[in-house]
Amino acid sequence: MEEAIQKADVLIEALGWIRRFRDKITVIKLGGSIMEQENSLRHVLLDIVFMETVGMRPVVVHGGGAAIDRAMDAAGLVPKKIKGRRYTDDDTLRIVEEVLAGEINEGIARQIEELGGRAMNLNFKTTNVLFGERMTLPGENGEQIDLGHVGKVTRVDRNVIENLCYAGQVPIIPSMALDASGGKLNVNADTAATAVAQALGAEKLIYMSDVNGVRRDKTDPTSIIHSLTDVEARELIRTGVVDAGMIPKVEACLETLDRGVRKVHIIDGRLRHSLLLEIYTTSGVGTEMMKAQ
Ligand SMILES: Nc1ncnc2c1ncn2[C@@H]1O[C@H](COP(=O)(O)OP(=O)(O)O)[C@@H](O)[C@H]1O
Ligand SMILES: CC(=O)N[C@@H](CCC(=O)OP(=O)(O)O)C(=O)O
């Protein structure tokens with residue numbers, strides 16, 4: 001009996017949050033690292049189905065870097081990354097499209113449906129919602145480094161995404177875009193998620209990764225920083241506390257805050273129900289980032 005009462009208490013604690021987030025859009029970025037772990041992914045998708053069922057409007061933007069690496073390897077191609085971005089020639093682009101906009105995108109939508117939710121995969125074959133242009137990276141000596149078919153998002157088809165949300169479907173968006181002449185572009189998934197959250201005026205943007213959040217010591221999970229301002233985050237990058245794969249993620253978070261999204265979270269997709277804990281409990285999990293007052 002006590003156990004049943006505790007379960008009811010949990011539902012009551014969630015009630016206020018469910019009301020608060022009803023009809024609000026949350027963008028969830030699924031990283032390739034978490035999608036490699038079948039069981040974790042299933043639980044993340046179950047949480048998304050829960051959110052959709054209680055009237056929240058989740059939108060999924062996904063990457064798939066690890067799966068692309070594997071497919072390139074199988075095709076005898078060697079991945080080349082420059083400052084965390086994949087150099088994308090014609091052959092690589094074909095693989096990125098097959099894996100990211102094909103297999104992974106369709107797979108996520110299918111799994112959500114299998115779990116009892118409703119999802120729509122938005123890709124080049126169904127409906128494309130991301131538009132962009134090619135980008136280069138600044139080199140050491142001020143030169144521009146060419147990345148091939150790599151781009152950034154300059155426009156998001158907001159109406160398509162919103163209509164799906166309000167029809168109770170979860171839009172599933174791969175990190176690829178079309179340029180002005182219909183050319184396909186490979187986009188870093190953290191930055192694609194930022195563009196989508198900003199275009200939709202999302203209430204929250206959540207990055208699901210395979211670490212518990214931003215840490216003072218990257219090897220020590222207990223050194224997690226639960227709450228960070230933009231000013232503190234910049235300082236962590238400058239001092240090298242945040243490095244490697246966490247740099248583009250924190251930079252994407254900062255850009256998102258600059259564009260008016262109120263809060264950004266980095267949470268651990270391996271922790272069961274981390275998404276629900278983040279949204280529907282008082283304590284929250286992971287690292288929350290917001291603008292300094
Ligand atoms: N201060 C830090 N706190 C946490 N992780 C960090 C930090 N600095 C660097 N990292 C590294 O960043 C990685 C997360 O980035 P990444 O692997 O690109 O994630 P994803 O695949 O989910 O996009 C962690 O696995 C960790 O090794
Ligand atoms: C330009 C660029 O680097 N694109 C990424 C897109 C996928 C991605 O970002 O996946 P994760 O979220 O798993 O890192 C790539 O080709 O790997």
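Modeller: In this predicted model, an axis is a line fitted to C-alpha atoms, for helices over the stretch in contact, and angles run from 0 to 180 degrees between N-to-C directions. On that basis the axes of helix α4 (residues 65–74) and helix α5 (residues 90–114) cross at roughly 130° and come within 10 Å.

Biologist: Why are α4 and α5 called oblique to each other?

Modeller: Angles over 145 degrees count as roughly antiparallel and those from 65 to 115 as roughly perpendicular, while the range between these two is oblique. The crossing at roughly 130° falls in that range, and α4 and α5 are therefore oblique. The crossing is right-handed.

Biologist: Which residues of α4 and α5 meet, and how is their contact divided by class?

Modeller: Ala67, Ile68, Ala71 and Met72 of α4 meet Thr92, Ile95, Val96, Val99, Leu100 and Ile104 of α5. By class, this contact has 9 nonpolar residues, 1 polar and no charged.

Biologist: What makes α8 roughly antiparallel to α9?

Modeller: Helix α8 (residues 230–238) packs with α9 at an angle of about 155°, the axes being 11 Å apart. The cut-off for roughly antiparallel is over 145 degrees, so about 155° meets it. The crossing of α8 and α9 is left-handed. In the contact, Asp230, Ala233, Arg234 and Ile237 of α8 meet Ile247, Val250, Cys253, Leu254 and Leu257 of α9. These residues divide into 7 nonpolar, no polar and 2 charged.

Biologist: Which strands form the open sheet, and in what order?

Modeller: The sheet has 8 strands, ordered β5-β8-β2-β1-β11-β13-β14-β12, with mixed pairing. At its edges stand β5 (119–121) and β12 (227–229); each has a single partner strand, so one side of each is left without a neighbour in the sheet. On average, neighbouring strands are turned by 20° against each other, direction ignored.

Biologist: How do you know that strand β11 and strand β13 pair?

Modeller: At least two bridges are required for a pair, and β11 (residues 204–209) and β13 (residues 263–268) have 6 bridges in the parallel sense, so the two strands pair. Isoleucine 206 stands opposite histidine 265 in β13, and serine 209 stands opposite aspartate 268 in that strand. Strands β1 and β11 also run parallel, joined by 5 bridges, with threonine 26 having lysine 204 in β11 as its bridge partner.

Biologist: What covers the faces of β11, and which of its residues are buried on each side?

Modeller: Lys204, Ile206 and Met208 are buried on one side, and Leu205, Tyr207 and Ser209 on the other. Two helices touch β11: α3 (residues 38–53) lies across β1, β2, β8 and β11, at about 150° to β2, and α9 (residues 246–258) touches β11, β13 and β14, its direction making about 155° with that of β13.

Biologist: Why is aspartate 23 called exposed or buried?

Modeller: Aspartate 23 has 11 other C-beta atoms within 10 Å. The limit for an exposed residue is 12 or fewer, so aspartate 23 is exposed. Aspartate 23 lies in the loop between α1 and β1 and has a positive phi of about 70°, although it is not a glycine.

Biologist: What makes histidine 273 partly exposed?

Modeller: Histidine 273 has 15 C-beta neighbours inside 10 Å. A buried residue needs 20 or more and an exposed one has 12 or fewer, so this count falls in between. Histidine 273 is found in the loop between β13 and α10, and its phi, near 65°, is positive. Most residues other than glycine have a negative phi.

Key. Residues numbered from 1 in each chain as written. Chains lettered and ligands numbered in written order. Predicted model: local features only at pLDDT ≥ 70, side-chain atom pairs only at ≥ 80, totals over all residues. Helix = DSSP H or I, 4+ residues; strand = E, 2+ residues; numbered from the N terminus. Contact = placed C-beta atoms within 7 Å. Left-handed = near helix turned anticlockwise from the far one by under 90°. Nonpolar A, V, L, I, M, F, W, Y, C, P; charged D, E, K, R; others polar. Parallel < 35°, antiparallel > 145°, perpendicular 65-115°, else oblique.
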